[in-house]
Amino acid sequence: MSGVAAAAPLPTSLHGNRRLAQWLRFRAGGYVEVLSGKVEIGQGILTALAQIAAEELDVSLAQVRMLAASTATSPDEGFTSGSLSIQDSGTALRLACAEARAIFLAAAADRLGVAADSLAVVDGVIAGAGGAQTSYWALADAVLLDRDATGRVAPKGAAAHRIVGTPVTRLDLPDKIFGNACYIHDLELPRMLHGRVLRPPAADATLTDLDDAEVRALSGVVAVVRDGSLLGVIAESESVADSALKKLAAGANWRQGASLPDVASMATWLKAQVANTSIVDSKIATSSRPVARTLKASYTRPYLAHGSIGPSCALAQLDASGLRVWTHSQGIFNLRRDLALTLGLADGSIVVQHVQGAGCYGHNGADDVAFDAAFLARAAGGVPVRVQWSRADELAWAPFGPAMAVDLEADLDETHAVVGWRHAIWSNGHTSRPGGARSPAFLGAWHLATPFERLSAINPPVARGGGAERNAIPPYAFPAWQIVNHHVTAMPLRTSALRSLGAYANVFAIESFLDELAAALGENPVGFRLRHLEDRRARAVIERAAIRAGWNQWRKREGAGHGVGFARYKNAGAYCAVVAEVEAEAEIRVRRLTIAVDAGLVVNPDGVANQIEGGAIQATSWTLKEAVHFDRERVTSDRWEAYPILRCSETPEVDVDIVSRPDCPAVGVGEAAQGPTAAAIANAVFDALGIRVRDLPLTAERIRAAIDRAIG
Amino acid sequence: MSAARPERFSFRVNGAEHTLEADGDTPLLDVLRNTLGLKGTRFGCGNDECGACFVLVDGHALASCATPLWAVGGKSVTTVEGLGRPEAPHALQRAFIAEQAAQCGYCTSGMLISAAALLARSPRPSEEEVRRALDRNLCRCGSYNRIVRAVMRASGEATA
């Protein structure tokens, strides 16, 4: 039963979007429309948010309709990123729905002439003693919700939950399983034309001259559009647009600019650059003990591609009523801001509508292609233009997760206790998302005749989890440490947010190094971690993963190994421990991942399991196989053959154990497993071979090189 | 490229006969999505490297992005829409829902097609056979294990 709570500050999303009508509206047809500023990117968020709304309103899940986000109608909740949607939108919706329920109960009490606290709600029907009843739908009146949220109506306690916490089938999956036209790629608008943009032949190149006579003469070509080095074509069909693009490429001459660094020595390159150095955290020991010895190790990760199976796609239409854009962007309001900035339009003349895309794992090409479409739409005479990137565009021109170098040092005293810990990072920034800077974040905006400034990627504030420095502070109770980030601003390849940001490399490094310490001291890696952890929730996931994996029953055999990795995402989110079991043959095969996760209150247990499984499998792919390749001119890993990812037969068994904590705040899980999975695999490889590989990915070549170094 | 002369091609799609006048080199995927409006077959790479656009051609799972129209003349094409509909789902579609065997779902159509081809030639495959049969289909979200479980479940149901 809802009660009246003391006025507390509203959660961020609700504070910024106070009108209750921005979040939900009851419809006379017997359902409630729920609006969220968060978007479905394959993670199942709309299902979890629908569960939360149904729970607080006491309606059935089938009576909730989640509307796709649009700048015209939705609350502005920034980006769908950082595993924050359950915290941001879930918390806001929980309060908004609890308050809406109380408002409607009061209206029902008036109508029925009974006391509000004598009423109960079941499936939207509001009933009191003696058969008096009405419903949300009968009372459906927008005026009732046209008021600001107060946050004073307390949502249900966990014990009263009947929908939240139960596994629910995803609302969006039937469309996808029956092949319905549910993706942005499938959207067809009346009189729609097809556009393509020609990306340069090198990472830095200027279009010097162009012979497009043959392209313009092609039947079905509507326009060739050029502004500086940004060159595109509009055609009546996709096939004509594709063949026109090939001819444009043949008629274009480019001058190459700056060359790229040597892919084989990125760590050296990063460490040689001018950097903005900051101290992320430091802790000085209350009593200093003499250092008996210091261990050091250096770790690296390469640039990683997002590699969505569906390439980025957008539609745009510019006519007298303004600009409309259909996009799978993670931040529709942010995209709108940068579109306005680039095109010289007012925010208010642009409507950005979200349409689902293929899986999104961070800042991919979605915003870039939206600008490409808007750019071409200006030359399309008021009809919509659909632009779909090629596979090569997606793998070579979407932003990359940055290459990183991490150096670690640990001081041990003569009793083998860790008395000092140093962690240094060299990396580009981890976000260049649109909407927040003086210059737009679009690839195409860099290629205009009057180009917008190429801003270097930045890091989100440490208070929000940081970027390169995410998870760089160890979770262990060491008496002293210094964590330093060298933010490299020279950016030969565009970098931005990729799932878990710097946490992937930092956790890989910390947890590998911890194993190196344990090995140097002859300690069990699980016991060594537990000995240095005070947080009981952290200890619990490690203990549970170890028990479930049979850590203590492990029988050592030739070529096989097991390893553990742990982190609490952003040092404030979900706790995740992974035990990996590998076999080292010609290459590393990960056989099994046993994972324990504590994400506080769980809204949809199967959704959590699915996200953790998926995150762990994707991280296995990153860790074993993935690296962006480039020569001194261009990215060369622009097709799947050159950028292999994990296949079905290479996929480990994944066992997920969810530690239920219904009384702890709900936190996201989409990025919790990546770092611990990488570390657990690397530690298992060490257990199998006695060889420590500190450079990702752990390919056969890397392992052979490490063996050669160990022997040499 | 010389201006292609449209030719006439007849083939079956999901049981219905179609006759089209088109350039024979047009990829089947383009014909399915843009001419016939069958959007369930997804574009992924255009180069037969990811499996998102798989369809059955006379029972074989093929990349429709790399299959020219001329190659399917006189043949029978089945797309994901032809496997089953919500009112009469294919055993695989039921199983994919039961196992919640997707995250973004963009690879799902191709996975269903590869799995349907497998079950047609081998109704009770081992897990290893299922994994091998799905190895040409890339999934980026990490749903492979759920997909394998769904295929195993469907094979059990189909022959139960």
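Let's start in the loop between α6 (173–177) and β7 (193–198) of chain A, which is where Arg191(A) sits in this predicted model. Arg191(A) has a positive phi of about 65° although it is not a glycine. Is Arg191(A) buried or exposed? With 11 C-beta neighbours inside 10 Å, Arg191(A) counts as exposed, because the cut-off for that label is 12 or fewer.

Leu501(A) is another residue other than glycine with a positive phi, here near 45°. You'll find Leu501(A) in the loop between β20 (481–488) and α13 (503–521) of chain A. Leu501(A) has 32 other C-beta atoms within 10 Å, so it is buried; the label needs 20 or more.

Two more spots with a positive phi turn up further on, and the table puts the four together.

| Residue | Phi | Where to look |
|---|---|---|
| Arg191(A) | about 65° | loop between α6 and β7 of chain A |
| Leu501(A) | near 45° | loop between β20 and α13 of chain A |
| Lys570(A) | about 60° | turn of the hairpin of β21(A) and β22(A) |
| Asp58(A) | near 60° | follows α2(A) |

While we're on backbone oddities, the peptide bond joining Leu696(A) and Pro697(A) is cis, with omega about -5°. Pro697(A) is in the loop between α17 (674–689) and α18 (700–711) of chain A.

**The β21, β22 and β23 strands**

Now for the stretch around Lys570(A). Strand β21 (residues 560–568) of chain A pairs with β22(A) in the antiparallel sense, over 9 bridges. Those two strands make a hairpin with 6 residues between them, and Lys570(A) is in its turn. If you want a landmark in the ladder, Phe566(A) stands opposite Ala577(A) in β22(A).

What does β22(A) join through 10 bridges? The partner is strand β23 (residues 588–598) of chain A, and the two run antiparallel. They form a hairpin as well, this one with 3 residues between the strands. Here the landmark is Val578(A), which stands opposite Ile595(A) in β23(A). So β22(A) pairs with β21(A) and also with β23(A). How enclosed is β22(A), and why? Strand β22 (residues 575–584) has 9 of its 10 residues buried, so it is largely enclosed by the rest of the structure.

**The small sheet and helix α2**

Towards the start of chain A, an open sheet of 3 strands runs in the order β1-β2-β3, with mixed pairing. Its edge strands, β1 (24–27) and β3 (64–67) of chain A, each pair on one side only. On average, neighbouring strands of this sheet are turned by 25° against each other, direction ignored. β1(A) meets strand β2 (residues 31–35) of chain A in the antiparallel sense over 4 bridges, and the bridge partner of Arg27(A) in β2(A) is Tyr31(A). α2(A) packs on this sheet, touching β1, β2 and β3 of chain A, and its direction makes about 135° with that of β3(A).

Helix α2 (residues 45–57) of chain A behaves itself: at 1.5 Å a residue its 13 residues should span 18 Å, and the end C-alpha atoms are 18 Å apart, which agrees. With 13 of its 13 residues buried, α2(A) is largely enclosed by the rest of the structure. Right after α2(A) comes Asp58(A), with its positive phi near 60°.

**Domain to domain**

The domain assignment of chain A gives domain 1 (12–177) and domain 2 (499–712). Their C-alpha centres lie 38 Å apart. The contact takes 17 residues from domain 1 of chain A and 19 residues from domain 2 of chain A. On the domain 1 side, α2 and α3 (85–112) of chain A each supply at least two residues. That side divides into 8 nonpolar, 9 polar and no charged residues.

**Chain to chain**

Where chains A and B meet, 45 residues of chain A are in contact with 44 residues of chain B. Elements of chain A that each supply at least two residues include α6, α8 (238–250), α16 and β24 (653–658). Which helix gives the most to the side of chain A that touches chain B? That is α16(A), with 8 residues. By class, the chain A side has 14 nonpolar, 20 polar and 11 charged residues.

Helix α16 (residues 605–625) of chain A has 21 residues and reaches 30 Å from its first C-alpha to its last, close to the 30 Å expected at 1.5 Å a residue. In α16(A), 18 of the 21 residues are buried, so the helix is largely enclosed by the rest of the structure.

Technical notes:
Residues are numbered from 1 along each chain as its sequence is written. Chains are lettered from A and ligands numbered from 1 in the order in which they are written. This is a predicted model: local features need pLDDT of at least 70, side-chain atom pairs count only at pLDDT 80 or more; totals for chains, interfaces and linings use all residues. Two strands pair if DSSP finds at least two bridges between them. The expected span of a helix is 1.5 Å times one less than its number of residues. Axes are lines fitted to C-alpha atoms, for helices over the stretch in contact, and angles run from 0 to 180 degrees between N-to-C directions. Two residues are in contact if their C-beta atoms, placed from the backbone, lie within 7 Å. Domain bounds come from an automatic or database domain assignment. Ala, Val, Leu, Ile, Met, Phe, Trp, Tyr, Cys and Pro count as nonpolar, Asp, Glu, Lys and Arg as charged, and the others, Gly among them, as polar.
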